[in-house]
Amino acid sequence: MRKLILLYTIIALFLQGCDAVDREQIKHNPVLVSTVKSTASCVFLTKDNMGLPAISWIEQDSLKHKYFYFANWDTNAGRFGTAIAIPIQPNTSIHEEGMPKIAFKGDGTIVAIYETSVPSSTSKWGLSDIQYTMSFDRGKSWTERKSIQADVPLLGSRSFADIIRLDDGEIAVSWLDTDPINPALGRPVKFARTHTKEGFGRAVLVDSAACQCCRTAMSTNGQGQVNVVFRDLLPGSIRDISISVSPDNGFNFSKPIPFSNDHWVVDGCPHNGPSVVFVGATKYVSWYTGAKRSGVYYAELDANNKTVVKRELSSEARFIQLELMPTGDRIATFDVAYEKGGATFKKIMVNRINDKGFFEKEISLPLSHASYPVITALGKDQIVVAWADDNKIYYRLETIETINIAVHKEDAAPSTTEKMPLPEAMPSAKDPVCGMMVSAGSEPEQIVNHGDTIRFCSAACKRAFLSKAD
């Protein structure tokens, strides 16, 4: 009996030691969350109704079957728990700017959204719709899927959505819709919210004409105010960032105000939307611009949506996300491309921003291809950052105090909303995939087909064209 007790004691100590080592590995090394044999993408982070992180992502097997998973944070293990499947359609669209996402209502109800490609007799490429499904039992079962606007005919496309929990516990979605009368003049920004178990109600118009292919972003301040931030389409094909504010949990929105002041002129879409967090009367926003001073930027807006701080975080980065800590620190994460030994790699950086300055840290492994990072807070002083790398999804737990390498840069000039002279018009042609007008002078993606030059707004549309070409 004593030998048996001693054996159990040794096993228990061994398991405790393994658990301690495992926790330490999570703190210092990226953790693989997707399946080894599948290709994975579209990682997203949010918080459940208890304020703990939840992660979702997409996997595809060798037969291109698509699977949507999420996992909750296990506080005992200090890591994400077992993956839970969310039912999706075979025609689900897989792309980082319009990735499938989840959100948790205040009562724990889970709402999952994803884009689908709907066949259309008027469009070779079909139409995009946003579908949603809900779970009232933590993911064990799911409701029948519905369109985000089930009672409204789909006259164009709905895509590039964001999803959040509102301050009253309900769920909101913002997205890009289609103007059936003037589809080439930009896409309307729409907003809809849930009502108890009935799903989403009728959409509210936020803006009539935004950039056609960049994700929208939302945040709340805990007091019923909602921000919708998006890449606007301003006169002269200027693709700057605008904000619209709702004082009443999304029932009404103010006129959008452009604030980034980049004056980025491009007849094409960068497939790169902003990020926003909000506390009190101050909004913190991050975004990418391809203007003369290109890179990822951070700004602070006051109660009147006037930019009081604007700063470039990296001239080499492209995709950026922002999180607000309970301490008031802002944490930005973005991917940065670099070359070494003649090869190109990407790394994930995090920036910590507070009243003491700007600080940074690299958190991905050397010589990786890490991209599309997302971020959420864990408690008062930790963050979870997740990203894609070579068709796999990884995450890492980081204490914000370790983000401590000072960054010395001057603030960019304060932004204004003054009107700029309109650029000279350039000859343009229609993208055959999304219908955008693409300028010949904007160095677009293009191919030559039977002697004709076909221009695309982005590499994504070019790939879609080539994949479906006869």
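**A cavity and a pocket in a predicted model**

Guide: In this predicted model, the largest cavity is lined by Gly98, Met99, Ile113, Tyr114, Glu115, Ile130 and Ala161.

Visitor: Why is this space called a cavity?

Guide: The name applies because a 1.4 Å probe fits at its points but cannot get out. About 30 Å³ of space lies in the largest cavity, and a search of the whole structure for cavities of 30 Å³ or more finds 1.

Visitor: What makes Gly98, Met99 and the others lining residues?

Guide: They count as lining because each has an atom within 4 Å of a point of the cavity. Strand β8 (residues 110-120) supplies the largest share of this lining, 3 residues.

Visitor: How do the residues of this lining divide by class?

Guide: The lining of the largest cavity has 5 nonpolar, 1 polar and 1 charged residues; Glu115 is the charged one, because Glu counts as charged, and Gly98 is the polar one, because Gly counts as polar.

Visitor: Why is the second largest pocket called a pocket rather than a cavity?

Guide: It is called a pocket because its set of points is open, with protein on both sides within 12 Å along at least five of seven lines. The second largest pocket has a volume of about 1100 Å³, and among its 47 lining residues the closest to the centre are Lys47, Ile164, Met218, Val277 and Glu323.

Visitor: Which element gives the most to the lining of the second largest pocket?

Guide: That element is β27, with 7 residues; others that give two or more include β2 (39-47), β11 (159-165) and β23 (317-324). By class, this lining has 27 nonpolar, 11 polar and 9 charged residues.

Notes
Residues are numbered from 1 along each chain as its sequence is written. This is a predicted model: local features need pLDDT of at least 70, side-chain atom pairs count only at pLDDT 80 or more; totals for chains, interfaces and linings use all residues. Side-chain values use heavy atoms; hydrogens and water are left out. Grid points are joined across faces, edges and corners, and a volume is the space filled by probe spheres set on the points. Helices (H or I, at least four residues) and strands (E, at least two) are DSSP runs, numbered from the N terminus.
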